[in-house]
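I sat down with one model and a short list of things to look up. My notes follow in the order I took them.

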Amino acid sequence: MMTFILSVDQLLSNVEQSFIFLFIWNLMRPFKPTSVFISSLEGGQEESPLKYSVFPLPQIISIQRHRADNLGFMAENGTLVTEFILLGFQVQAELQMGLFFVFLVLYLITMVGNLGMIVLIQSDSRLQTPMYFFLSHLSFLDICYSSVIVPQLLEILDTDKMVITFERCATQFFFFTLCASAECFLLAVMAYDRYVAVCNPLLYATAMTPQTRLGLVAGAYAGGMFNSVVRTGCTFSISFCKSNQVDFFFCDLPPLMKLACSETWLREQVIYFLAFSVITTSVSVILISYLFIIRAILKIHAIGGKAKTFSTCASHMTAVTLFFGTLIFIYLKGNMGKSLEKDKIVSVFYTVLIPMLNPMIYSLRNKEVKEALKKALDRMRVSK
């Protein structure tokens, strides 16, 4: 059984972070132990366990008199884990400074590219179609996805290592999982959109109504939320006692599991099952959609028709291959977490590079986007 000491002073000094953590805590409460130990500064003695199933803010404030010092998990050896130390890449100082500027430039390109894609889609009437509606949400997820990881990575590179509180680690893990899972489902939705456009072009407008688009996007976010709640609950109900040093640049599953001292087999099975379900469901929808698309393309007899039709799907196929390829390598391989150095490199690829590459993939290979971008640049020159 895992226990933790509740720090009222710390929570009240950072209300915004507490609200986020408590929200996640309540969402994942079926997976959490319900014992709370309050330590008194005056007596230094441990009170009896207080049993709560949830921790609303009024109850937390009501026990402020206990003046607890720390918030964290009591490991089996009696060591209280209240924070983690992210070690990052552990390279020479000169190389760290170089990596800092490289990742800073990549992050700025990611922000400019994805924000520019969203603004371009919203401002150009020719891009007000279902495909670009989904693309704008993909850009939004890439912005969130990258912003959850990269600023912290830059801080680690600047300070050599970084101390992160337990609740901040759990919050980062939650939002990272949410963005990654939602992007999996969204890429499947985009494949289905291409299937309808290619295989049933006459019914495309009636099939992809604004209500249908919103429903599909809402389903992607809901699926990501469910996976994130369960995955976060399973991960952070583990007792951490081997160390509080995380040999990674963000709070991810493989390095956290290496710190576990409690039984993790059942939780790992649930996490593996969810990861397998999310990836295989999304990939299955994508593969089935493209099988029908390829069959429809092969029936086209017009000169150049096959290439033109296939070109509308090429960008999406490229994005799918890059994204799912790295996820499968990290989470569905048999030796997850056994080679963290390789995992770091692959994680950089899908947390830093892919969000940066997606706007380029969809713009450089898309005639409509290039024309809309040229039109927008022309308007900016005229306005000057």
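**Entry 1: C313 and R194**

I started with C313, which lies in helix α11, residues 305-331. The model is a predicted one. Is C313 buried or exposed? Its relative accessibility is 0%, so I put C313 down as buried. Next I listed what C313 touches beyond four places in sequence: R194, V198, Y290 and I293. I also checked C313 against Y362. They are 49 residues apart in sequence, and their C-alpha atoms are 10.0 Å apart.

R194 came up in that list, so I followed it. R194 sits in helix α6. Its relative accessible area is 8%; the cut-off for buried is under 20%, so R194 is buried. What does R194 touch, setting aside residues up to four places away? I found M131, Y204, Y290, I293, T312 and C313. Y290 and I293 are also on the list for C313.

**Entry 2: the whole chain**

I stepped back for the totals. The protein chain has 13 helices and eight strands. It runs to 384 residues, of which 49% count as buried. I then looked at contacts with a separation of 6 or more. Residues 24 or more positions apart account for 78% of them.

**Entry 3: helices against α12**

I took helix α12, residues 340-364, and looked at two partners.

The first was α4, residues 93-123. The axes of α4 and α12 come within 9 Å and cross at roughly 40°. That angle makes α4 oblique to α12. The crossing is left-handed. Which residues make the contact? From α4 I noted F103, L106, I109, T110, G113, N114 and M117. From α12 I noted V348, V352, L353, P355, M356, P359, M360, Y362 and S363. By type, this contact has 12 nonpolar residues, four polar and no charged.

The second was α5, residues 130-159. Here the axes of α5 and α12 come within 8 Å and cross at roughly 150°. The limit for roughly antiparallel is over 145 degrees, so α5 and α12 are roughly antiparallel to each other. This crossing, too, is left-handed. On the α5 side the contact uses L135, L138, D142, Y145, S146, I149, V150 and L153. On the α12 side it uses Y350, T351, V352, P355, N358 and Y362. I sorted the residues of the α5 and α12 contact into 10 nonpolar, three polar and one charged.

V352, P355 and Y362 of α12 appear in both contacts.

**Entry 4: α6 and α8**

I went back to α6, this time for its packing with helix α8, residues 210-235. How far apart are the axes of α6 and α8, and at what angle do the helices pack? The axes are 7 Å apart and the angle is about 145°. The crossing of α6 and α8 is right-handed. Its contact residues divide into 15 nonpolar, eight polar and one charged.

I picked L214 in α8 for a closer look. With a relative accessibility of 53%, L214 counts as exposed. I compared L214 with P130. They are 84 residues apart in sequence, yet 9.9 Å apart from C-alpha to C-alpha.

**Entry 5: aromatic rings**

How many aromatic pairs are there in the whole structure? My search gave 21. I looked up F84 and F166. Their ring centres are 6.3 Å apart and their planes stand at 35°, so the pair is tilted. F84 belongs to strand β6, residues 83-86, and F166 to helix α6, residues 166-199, so the pair ties together parts 82 residues apart in sequence. F84 and F166 are both buried.

I also traced a cluster linked by ring pairs: F89, F103, Y145, F176, F248, F249, F250, F323, F324 and Y350. I had already met F103 in the α4 contact with α12. Y145 and Y350 were in the α5 contact with α12.

**Entry 6: M257**

Last, I checked M257, found in helix α9, residues 253-257. Its relative accessibility is 12%, so M257 counts as buried. Beyond its neighbours within four places, M257 is in contact with I238, T264, E268 and I271. From M257 to F240 I got 8.6 Å, C-alpha to C-alpha, at 17 residues apart in sequence.

Technical notes: Residues are numbered from 1 along each chain as its sequence is written. This is a predicted model: local features need pLDDT of at least 70, side-chain atom pairs count only at pLDDT 80 or more; totals for chains, interfaces and linings use all residues. Side-chain values use heavy atoms; hydrogens and water are left out. Axes are lines fitted to C-alpha atoms, for helices over the stretch in contact, and angles run from 0 to 180 degrees between N-to-C directions. Helices (H or I, at least four residues) and strands (E, at least two) are DSSP runs, numbered from the N terminus. Angles under 35 degrees count as roughly parallel, over 145 as roughly antiparallel, 65 to 115 as roughly perpendicular and the rest as oblique. A crossing is left-handed if the near helix is turned anticlockwise from the far one by less than a right angle, and right-handed if clockwise. Contact means heavy atoms within 4.5 Å. Ala, Val, Leu, Ile, Met, Phe, Trp, Tyr, Cys and Pro count as nonpolar, Asp, Glu, Lys and Arg as charged, and the others, Gly among them, as polar. Rings of Phe, Tyr and Trp (its six-membered ring) pair if their centres lie within 6.5 Å; planes under 30 degrees apart count as stacked, over 60 as edge-to-face and the rest as tilted. Buried means under 20% relative accessible area, exposed over 50%, partly exposed in between (1.4 Å probe, protein chains only).
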